[in-house]
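Welcome! Take a moment to look over the sequence and turn the structure around before reading on.

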Amino acid sequence: MLVGGIIIAIGTILDWGPNTNGLNTDFNGLFGIVALLIGLGLAAYGGIRAFAPDTNLPDQIAGLTLDQLSVAEAFTVFLWSFALIFEDGIKIGAHLTWIGGAIAVAGGILSARNAPAPGGAPTTF
């Protein structure tokens, strides 16, 4: 998730098309800002899980574990940005964003499968 979040954040800063990037003030820019925030959140969560596993994080947010929430956010970025690549003139930033989303989804699923379940129950996703 760490690598996927970083790639998403970098992809939003780069060009998405002719004279546009993920941080403009049009509709794609709004999505780009949301994708940037999700990418930074995924990178932060992945970094905490990798380098500071003893950090106290909440077990659940809105009834979802942090791994489930991370996968849902990464999958959302993946779907939205993958839909953009079918437009004419799409550049490297949009491609990096959907690739980063796919990497973060894979990392989130692997993280959820390896996480110990509370109470010894099997982990379901």
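Let us begin with Gly46, which has a relative accessibility of 9% and therefore counts as buried, since the cut-off for that label is under 20%. Please keep in mind that you are looking at a predicted model. You will find Gly46 in helix H2, which runs over residues 27–51. Which residues does Gly46 touch, once those up to four places away in sequence are set aside? They are Met1 and Leu2. Phe86 makes a useful second landmark: Phe86 lies 40 residues from Gly46 along the chain, and their C-alpha atoms are separated by 30 Å.

Now step back to the whole protein. Its secondary structure consists of 4 helices and 4 strands. If you follow the chain along the sequence, these elements come in the pattern α-β-β-α-β-β-α-α.

What about the overall dimensions? The C-alpha trace spans about 50 × 25 × 20 Å along its principal axes. The radius of gyration is 15 Å, and a compact globule with 125 residues would have one near 14 Å, so the two agree.

Next, consider how the chain meets itself and its surroundings. Among contacts with a separation of 6 or more, 65% are between residues 24 or more positions apart. Gly46 has company in being buried: 38% of the 125 residues of the protein count as buried. As for the outside, the protein exposes about 7200 Å², and 67% of that area is supplied by carbon and sulfur atoms.

Definitions and conventions: Residues are numbered from 1 along each chain as its sequence is written. This is a predicted model: local features need pLDDT of at least 70, side-chain atom pairs count only at pLDDT 80 or more; totals for chains, interfaces and linings use all residues. Side-chain values use heavy atoms; hydrogens and water are left out. Helices (H or I, at least four residues) and strands (E, at least two) are DSSP runs, numbered from the N terminus. The radius of gyration is taken over C-alpha atoms; the globule rule is 2.2 Å times the number of residues to the power 0.38. Buried means under 20% relative accessible area, exposed over 50%, partly exposed in between (1.4 Å probe, protein chains only). Contact means heavy atoms within 4.5 Å. Accessible areas come from the Shrake-Rupley method with a 1.4 Å probe; for residues, only the protein chains shown count as cover.
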